[in-house]
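How do labels such as "buried" or "cavity" get attached to parts of a protein? The questions below set values against definitions.

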Amino acid sequence: MKLFKTTYLILSAVALTLVIPSCKKGFLDIVPDNVPTLDNAFTNRNEAEKFLFTCYSALPNDANPDFNPGMNTGDEFWIYPNPLASDYASFEPFNIAQGLQSRVNPAMNYWDGSGSAKSLWLGIRNCNIFLENVDKPIDLQPYEKERWIAEVKFLKAYLHWYLFRMYGPIPIVDKNLPITASIEEVKLSRKPVDSVVNYIADLLDQAAAGQGSGLPDKILNASTELGRITKPAALAIKARLLVTAASPLFNGNADFSNLRSKDGQPLFNPSYDVKKWQRAANACKAAIDAAEVSGASLYRFIPTSLQVVDEATKTEMSIRNAVCQKWNQELIWGSTASTNYLQRTACPNLFAAPQFDNGLRGQLAPTLKMAELFYTKNGVPITEDKTWDYANRYTLKATTATDQGLQNNYQTVGLHFDREPRFYADIAFDGSKMYMQSNQNPPLNIQNKLTQISAKKQSLYYSITGYFTKKLINWNLVIGANGGITTENYPWPIIRLGDLYLLYAEALNETGDLATPLTYLNKIRDRAGLQSVESSWTNFSNNPGKYTSQGGLRDIIQQERAIEMAFEGSRFWDLRRWKKAGAQLNAPIYGWNVSTASFADYNTRVLLFNQTFVSPRDYLWPIKESNLQVNPNLVQNTGW
């Protein structure tokens with residue numbers, strides 16, 4: 001065992017300088033005592049398959065909001081009173097949201113692995129070990145080996161991509177170093193952005209190449225293989241990579257022009273290149289074509305004979321179940337990690353007993369800013385709709401039986417009236433309704449003022465903003481008569497077809513094509529129960545020609561994306577790649593006065609905290625300071 005651990009360390013000597021700045025003993029401690037030797041790991045097909053799944057286990061757990069860098073680090077949610085209260089959940093993302101990231105001990109540190117994050121370099125090391133040894137099992141069939149190699153190439157590319165999105169220019173670890181490597185060879189340098197992007201794209205191309213025995217077009221064995229990589233998944237991640245690389249953060253960004261390697265090589269290309277958008281558009285179209293050929297389509301809810309619903313509810317369930325319906329036809333690649341914790345954190349505690357902790361927390365609370373992001377029922381922003389009363393959006397109004405998405409004979413603010421279906425599908429609030437499989441007729445009424453059913457019952461587990469993330473709650477969640485909870489797990493959507501449509505529309509617009517993007521935007525809007533972009537802006541916007549210019553259409557695409565992908569961990573990264581985080585994440589975060597009982601008091605806007613984002617520093621994660629001391633060839637990101 002000692003010999004294996006030493007060999008393991010030497011084979012991955014690069015990890016010593018990239019990941020672990022401490023002594024060898026600390027690094028050796030990460031190897032479990034029951035791990036077989038490398039020779040045993042590839043003696044036969046079954047052992048090699050175990051190592052394949054070890055490579056899969058390196059994927060970040062994006063289904064958990066404590067581990068997903070895109071969830072609680074931005075402006076979509078706020079969970080805790082300020083200052084942060086004691087709880088077992090991770091404070092790391094909220095510290096980032098408040099501008100408290102640190103280069104000494106970085107939060108959500110996927111480079112080294114600490115706190116709520118694991119080192120992705122260790123996962124890359126295991127991928128390289130697999131690729132270097134997969135020829136050894138004599139009973140591994142050629143068709144299986146080809147598929148496994150493609151899967152692991154994808155995983156290696158994806159882990160590099162995940163690090164690139166966080167840190168920008170990173171080292172490329174294509175192979176583990178041999179035992180003869182010198183100390184200087186171990187001290188790798190960061191590579192320029194364009195080199196990193198091309199390397200990852202090439203790996204994904206290799207993974208997606210071939211016919212028949214490589215990556216499958218779709219998973220056929222649903223009982224054992226759901227969550228494994230397909231050709232459409234590889235092409236979709238390539239599309240996401242290239243759209244990111246074409247975006248303002250990485251394409252023509254002069255903010256990082258002084259970020260250079262130790263030998264003086266610029267790590268960012270400050271020159272804008274429109275051809276990067278064309279390359280991204282081509283990748284998006286290839287991914288869409290592959291997905292649709294394999295059977296992917298935008299999810300539509302089809303009720304059974306026992307589910308009598310009106311058109312509005314059918315539309316709402318089409319929106320919600322695009323995320324929460326298990327392995328639905330829109331999903332291109334989903335994580336098999338459990339969404340149980342996510343759902344319990346999102347769902348209000350609808351059990352009446354005070355102080356009773358049944359695991360439903362309702363803490364994953366959308367901010368007032370997000371509630372204002374969604375369109376009116378006419379499909380345009382609330383600031384543009386010439387028929388909607390924007391000035392009185394915080395004024396109390398009485399509801400009637402004809403008000404869509406609202407309880408009858410109740411009171412709530414004007415902001416909640418006459419909004420688009422995605423608003424009511426994604427967010428629950430005082431005075432709204434929640435359609436669930438176990439509560440179809442009538443649906444659940446969300447009443448959140450003090451002493452009411454979904455209100456604050458404890459000092460910690462409640463919605464601090466007054467909003468709940470309905471979009472992430474599977475409609476088969478059931479609250480038993482004694483308060484017990486059952487949830488139906490669903491795969492976390494790493495990428496779905498609606499996401500690809502929006503990426504494609506964005507890339508095309510940046511190439512100067514203003515017509516084709518409308519086709520893909522309108523597919524998304526039709527599923528959401530909205531009129532086309534052309535009709536909505538022409539008839540209801542105070543800027544009716546907005547969609548006819550590249551800049552105007554860019555704004556429309558970005559807001560459409562922010563709405564469609566809300567609460568799925570996308571906005572955090574989109575604001576960065578668009579270089580809008582400096583403006584958006586320095587704004588105050590508001591909610592409602594949830595500790596009060598009357599309509600008037602509750603519907604009073606309350607400042608929760610002032611968010612902080614330092615530009616350009618916070619656009620990229622810091623590399624832990626001690627790593628720079630161990631490996632002087634690494635350079636720190638700008639501002640850190």
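Q: What makes an empty space a cavity in this predicted model?
A: A cavity is a set of grid points where a 1.4 Å probe fits but cannot get out. The structure holds 8 cavities of 30 Å³ or more, and the largest cavity has a volume of about 270 Å³.

Q: Which residues are closest to the centre of the largest cavity?
A: The lining has 24 residues, and Arg-165, Arg-240, Gly-569, Ser-570 and Trp-573 are the closest to the centre. Two or more lining residues come from each of helix 8 (142-167), helix 12 (231-246), strand 12 (492-496), helix 18 (497-511) and helix 22 (571-577). Strand 12 gives the largest share, 5 residues.

Q: How many residues of this lining are nonpolar, polar and charged?
A: The lining of the largest cavity divides into 11 nonpolar, 4 polar and 9 charged residues. Gly counts as polar and Arg as charged, so among the residues closest to the centre Gly-569 is polar and Arg-165 is charged.

Q: Why is the charged end of Arg-165 said to sit over the ring of Trp-573?
A: The charge must be within 6 Å of the ring centre and within 35 degrees of the ring normal. The charged end of Arg-165 is 4.3 Å from the centre of the Trp-573 ring and is listed as sitting over it, so both conditions hold.

Q: What is the distance for Arg-393 and the ring of Tyr-390?
A: The charged end of Arg-393 sits over that ring, 3.9 Å from its centre. This value is within the 6 Å cut-off, so the distance condition is met.

Q: Which residues form one aromatic cluster?
A: Tyr-110, Phe-154, Tyr-158, Tyr-162 and Trp-333 form one. A search of the whole structure finds 31 aromatic pairs.

Q: How do you know that Cys-324 is in no disulfide?
A: A disulfide needs two cysteine sulfur atoms within 2.5 Å. The nearest cysteine sulfur to that of Cys-324 belongs to Cys-347 and is 11 Å away, so the condition fails. The search of the whole structure finds 0 disulfides.

Q: Why are Cys-324 and Cys-284 called buried?
A: Buried means under 20% relative accessible area. Cys-324 has 1% and Cys-284 has 0%, so both count as buried.

Q: Is Gln-307, in the loop between helix 13 (275-293) and helix 14 (311-324), buried or exposed?
A: Gln-307 is at 9% relative accessibility, which is under 20%, so this loop residue counts as buried.

Q: What is notable about the phi of Phe-567?
A: Most residues other than glycine have a negative phi. Phe-567 has a positive phi of about 70 degrees although it is not a glycine. Phe-567 lies in the loop between helix 21 (550-564) and helix 22, and at 0% relative accessibility it counts as buried.

Q: Why is Lys-579 called partly exposed?
A: Partly exposed covers the range between under 20% and over 50%. Lys-579 has a relative accessible area of 31%, so it falls in that range. Lys-579 is in the loop between helix 22 and helix 23 (581-584), and its phi is positive, near 60 degrees.

Q: Which kind of peptide bond, cis or trans, runs from Ser-615 to Pro-616?
A: This bond is cis, with omega near 5 degrees. Pro-616 is in the loop between strand 14 (605-610) and helix 25 (625-630).

Notes
Residues numbered from 1 in each chain as written. Predicted model: local features only at pLDDT ≥ 70, side-chain atom pairs only at ≥ 80, totals over all residues. Heavy atoms only, no water. Phe/Tyr/Trp six-rings, centres within 6.5 Å; stacked < 30°, edge-to-face > 60°. 1 Å grid on protein atoms, 1.4 Å probe; cavity = no way out; pocket = protein on both sides within 12 Å on 5 of 7 lines; lining within 4 Å. Points joined across faces, edges and corners; volume = space filled by probe spheres on them. Helix = DSSP H or I, 4+ residues; strand = E, 2+ residues; numbered from the N terminus. Buried < 20%, exposed > 50% of the residue type's maximum accessible area, 1.4 Å probe, protein only.
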